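Subject: Handing over the structure

Hello,

I am passing a structure on to you, with the sequence alongside. Please have a look at it first, and then read my notes underneath.

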Amino acid sequence: MTSLLIIGVGFMGGSFALALRRGGFEGSIYGIDIKQETIERAKAMGVIEEGGTDLHLVEKFSPRFVVLASPVRTFRSIGRALREYIDRETVITDLGSVKGRLVFELEDILGDRFVGSHPIAGTEKSGVEHSFGELFEGKKVVITPTDRTDREALDEVVGLWKLTGGKVEFMDPMLHDWVFGAVSHLPHAVAFALIDALIEMSDEVDLFKYPGAGFKDFTRIAGSDPVMWRDIFLENKENVLKAIDVYSQSLKRLGDLIENEDEEALTEYLREAKQRRLSLE
Ligand code: NAD
């Protein structure tokens, strides 16, 4: 019977397990996490059947699939440790938000049956207690095969995602990091920085006592897990820094339009942004 092991049984790993079950995956699902209480909770919730904190357990579980679902900067060391326990048949994938060079490095470590994937689904919540099986339903899942990727392993990973209800798209790993550096990592950076700016400005008045709906909407994602985001920013450093640079220039342009009281140009700047935003709906 096909079995699957999740390493990092948090919000995403837990949701992936629940979504597979919901989609009819019949094999055993195991979990490894650095926290024993997380394993206990995941077992109690029916997310995994068995699990523990020791990577040696991989040998005992002998899974057909391994899914890396911890923060992205843990993947290399987990991959190195995994190497001695997996065999040629094992298919490995991940749920990480960064692909790029990391995918090629993981191929070097784990071989051509590693297939990178990134579900474009999530919330600012973390922890297995928030996981749910409908998370990926109808959502994009970006899979990043390379010239090296074993085609059979790729098909098997696509098959898993189909069970979860995700809509698979393929993308080059380097392009992935540029795209998501702009549309996901930059907005998170801006939300964290906005909160930081308000802390700076809260000397005399605690500005956090007066949150409007716009402020709450805009900063919701700053409630995301700091370790996960630290890892994403560092792992996609070049693209994130470029995106911050372009964003700073846009903010500067806006500041100049306000400074110059250029009503026409300011209206045009805001109108264009509004139209782009509305086209998403
Ligand atoms: P989470 O904090 O809910 O879960 C991460 C889990 O990994 C935790 O249970 C933690 O104890 C465990 N962990 C940490 N280090 C470990 C290690 N060395 N070995 C084993 N377990 C370890 O975070 P999450 O939101 O589930 O994110 C997990 C992954 O999914 C990240 O790589 C993230 O980039 C990716 N991702 C998250 C979202 C999202 O919206 N949350 C969306 C897409 C992708």
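Below is what I found, going from the whole protein to its two sheets, one helix and one pocket.

Please keep in mind that this is a predicted model.

The whole protein

The chain folds into 11 helices and nine strands. Its C-alpha trace spans about 70 × 40 × 30 Å along the principal axes. Of the 281 residues in the protein, 45% are buried. If you take the contacts with a separation of 6 or more, 70% of them are between residues 24 or more positions apart.

The six-stranded sheet

One sheet is open and has six strands in the order S3-S2-S1-S4-S5-S6, with parallel pairing. Strand S3 (50-52) and strand S6 (114-115) are at its edges; each has a single partner strand, so one side of each is left without a neighbour in the sheet. Helix H1 (residues 11-22) packs on this sheet, where it touches S1, strand S2 (29-32) and S4. The direction of H1 makes about 160° with that of S1.

Strand S4 (residues 65-68) is a good place to start looking. On one flank, S4 pairs with strand S1 (residues 4-7) in the parallel sense over four bridges. Leu-4 has Phe-65 as its bridge partner there, and Ile-6 has Val-67. S4 also pairs with strand S5 (residues 91-94), again in the parallel sense and over four bridges. In that pairing, Val-66 is bridged to Ile-92.

Are the faces of S4 covered or open? Both are covered: Phe-65 and Val-67 are buried on one side, and Val-66 and Leu-68 are buried on the other.

Ile-86 is worth finding too, in the loop between H4 and S5. Its relative accessibility is 17%, and because buried means under 20%, Ile-86 counts as buried. Leaving aside residues up to four places away in sequence, Ile-86 touches Val-58, Val-66, Ile-92 and Leu-110. Two of these names, Val-66 and Ile-92, are the bridge partners from S4 and S5. For a sense of scale, the C-alpha atoms of Ile-86 and Ile-258 are separated by 60 Å, and the two residues are 172 residues apart along the chain.

The three-stranded sheet

The other sheet is also open, with three strands in the order S7-S8-S9 and mixed pairing. Strand S7 (117-119) and strand S9 (167-170) are the edge strands; each has a single partner strand, so one side of each is left without a neighbour in the sheet. On average, neighbouring strands here are turned by 25° against each other, direction ignored.

What makes the pairing mixed? S7 and strand S8 (residues 140-143) run in the antiparallel sense and share three bridges, whereas S8 and S9 pair in the parallel sense over four bridges. Between S7 and S8, His-118 has Val-142 as its bridge partner, and Ser-117 has Ile-143. Ile-143 also stands opposite Phe-170 in S9.

Helix H9

Which residues of helix H9 (residues 226-235) are buried? They are Trp-229, Asp-231, Ile-232 and Glu-235. These residues cover an arc of only 160° around the axis, so they sit on the same side of H9. Among the elements that cover them are helix H4 (75-82), helix H5 (100-110), helix H7 (173-200) and helix H10 (237-259).

The second largest pocket

Two of those helices, H7 and H10, come back in the second largest pocket: together with helix H11 (263-278), each supplies at least two residues of its lining. The pocket holds about 1200 Å³ of space. Its lining has 23 residues, and Leu-186, Pro-187, Tyr-247, Ala-273 and Arg-277 are the ones nearest its centre. Which helix gives the largest share of the lining? H10 does, with nine residues.

If you would like a route through the model, begin at S4 with its two covered faces, go on to S8 in the other sheet, and finish at the pocket lined in part by H7, H10 and H11.

Best wishes

Conventions
Residues numbered from 1 in each chain as written. Predicted model: local features only at pLDDT ≥ 70, side-chain atom pairs only at ≥ 80, totals over all residues. Heavy atoms only, no water. Pairing = 2+ DSSP bridges. Axes fitted to C-alpha atoms, helices over the stretch in contact; angles between N-to-C directions. Buried < 20%, exposed > 50% of the residue type's maximum accessible area, 1.4 Å probe, protein only. Arc of directions from axis to C-beta. Contact = heavy atoms within 4.5 Å. 1 Å grid on protein atoms, 1.4 Å probe; cavity = no way out; pocket = protein on both sides within 12 Å on 5 of 7 lines; lining within 4 Å. Points joined across faces, edges and corners; volume = space filled by probe spheres on them.
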